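Student: Before we begin, could we take the labels one at a time and ask what earns each of them?

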Amino acid sequence: MFYDLHIHSALSPCADNDMTANNIINMAKLKGLDLIAICDHNSVKQQLAISKVAKEKGIDLLYGIEIQTKEEVHVLAYFNKLEDCLAFGNEIETLRLKIKNEPRYFGDQLILDANDEIVTIEEWLLIASLELDLDQLTWMIHQYHGVVVLAHVLDRINGIIQQLGFIPQTLVFDGIEIKSEDQRSLLIKQYPWLSDKVWLINSDAHSLDQISDAKNMLTKQDLLNLWRNVT
Ligand SMILES: [Zn+2]
Ligand SMILES: [Zn+2]
């Protein structure tokens, strides 16, 4: 199935305000995608609306979030069940630094319903680090039956290699996000033990036009592999 598992909604301050559940899913369908995930920064408050619209319009969905750890590393978490994702999100709420968002500087943080109407506005800034280090976070995601994917590992900003200088072999994670196949060969040369991870190429779309075309494929087996270490 064609996928894009890293799309931001209007809840992320850095994403466009027209990244609503309906707009994202209509665009994903137009592009020919079969499976998507919305991963907002440090919040799952858009997942309920997304799940309603995905069911209505018939597209497969993983529930997701993009978390920033104490080390300022971005980590994606995916869940098969909405309840697990929402429960995880509740715990995340308690671990966020309470800094008020300044919309004029960072952008709006809109929580929308399944009709794309604004339900409320998230007042706490979502793009700050959590009070949680990488090991604590990966442990916690697995406790909620989620899987851990290191986000945009070769990016200059908030990728694990930029922040730590390397990928620790002791870190417990399930997948790795890259931007191209070239990045995969580069990484495997340096870290051969990464070859048994699940590799994802996502858009990290912050606007509708950035959502992936139907070009990256995952099989059912790839998804099983992603969850193979999770009970
Ligand atoms: Zn990121
Ligand atoms: Zn992102």
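Student: What separates Arg184 and Glu181 within helix 7?

Tutor: They are 3 residues apart in helix 7 (residues 181-190), and that spacing puts about one helical turn between them; a helix here is a DSSP run of H or I of at least four residues, a strand a run of E of at least two, both numbered from the N terminus. Residues are numbered from 1 along each chain as its sequence is written, while chains are lettered from A and ligands numbered from 1 in the order in which they are written. Keep in mind that this is a predicted model, in which local features need pLDDT of at least 70, side-chain atom pairs count only at pLDDT 80 or more, and totals for chains, interfaces and linings use all residues, with side-chain values using heavy atoms and leaving out hydrogens and water.

Student: What makes the contact between Arg184 and Glu181 a salt bridge?

Tutor: The term asks for a side-chain nitrogen of Lys or Arg within 4 Å of a carboxyl oxygen of Asp or Glu. The closest N and O atoms of Arg184 and Glu181 are 2.9 Å apart, so the pair meets that limit. Side chains of opposite charge can pair when their charged atoms come close.

Student: Why are Arg184 and Glu181 called partly exposed?

Tutor: Buried means under 20% relative accessible area and exposed over 50%, with partly exposed in between (1.4 Å probe, protein chains only). Arg184 has 27% and Glu181 has 44%, so both values fall in the middle range.

Student: Which residues are linked in a network of salt bridges?

Tutor: Lys45, Glu93, Arg96 and Glu122 form that network, in a structure where the whole search finds 9 salt bridges. Arg96 pairs with Glu93 at 3.1 Å, and Arg96 also meets Glu122 at 3.5 Å, N to O. The Glu122 and Arg96 pair links distant parts of the chain, 26 residues apart, with Glu122 in the loop between strand 6 and helix 5 (134-143) and Arg96 in the loop between helix 3 (82-93) and helix 4 (103-106).

Student: Are Arg96 and Glu122 buried or exposed, and how do you know?

Tutor: Arg96 has 6% relative accessibility and Glu122 has 5%, so each lies under the cut-off and counts as buried.

Student: What coordinates the zinc ion (ligand 2)?

Tutor: His6 (NE2), His8 (NE2), Glu66 (OE) and Asp204 (OD) do, at 2.0 to 2.2 Å. Donors are N, O and S atoms within 2.8 Å of the metal (3.2 Å for Na, K and Ca), and water is not among the atoms, so sites may look incomplete.

Student: Why is the site of this zinc ion (ligand 2) called irregular?

Tutor: Four donors count as tetrahedral if all angles lie between 85 and 135 degrees; four count as square planar and six as octahedral if opposite donors are over 155 degrees apart and all others between 65 and 115; anything else is irregular. The angles among the 4 donor atoms run from 81 to 173°, so the tetrahedral range is not kept, and the site is classed as irregular. The donor pair His8 and Asp204 links distant parts of the chain, 196 residues apart. His8 is buried, at 0%, and so is Asp204, at 14%.

Student: What does Glu66 do between the zinc ion (ligand 1) and the zinc ion (ligand 2)?

Tutor: Glu66 coordinates both, and the two ions are 3.6 Å apart. The zinc ion (ligand 1) is coordinated by Glu66 (OE), His74 (ND1) and His152 (NE2), at 2.1 Å. His74 lies in strand 4 (residues 74-79) and His152 in the loop between strand 7 (147-150) and helix 6 (160-164), so the pair ties together parts that are 78 residues apart in sequence. Both are buried, His74 at 7% and His152 at 4%.

Student: How do you know that His152 and Glu66 make a polar contact?

Tutor: The term covers a pair of N or O atoms within 3.5 Å, where within protein one must be able to donate a hydrogen and the other to accept it, and residues adjacent in sequence count only if both atoms are side-chain atoms. The contact between the side chains of His152 and Glu66 is 3.2 Å, so the distance satisfies the limit.
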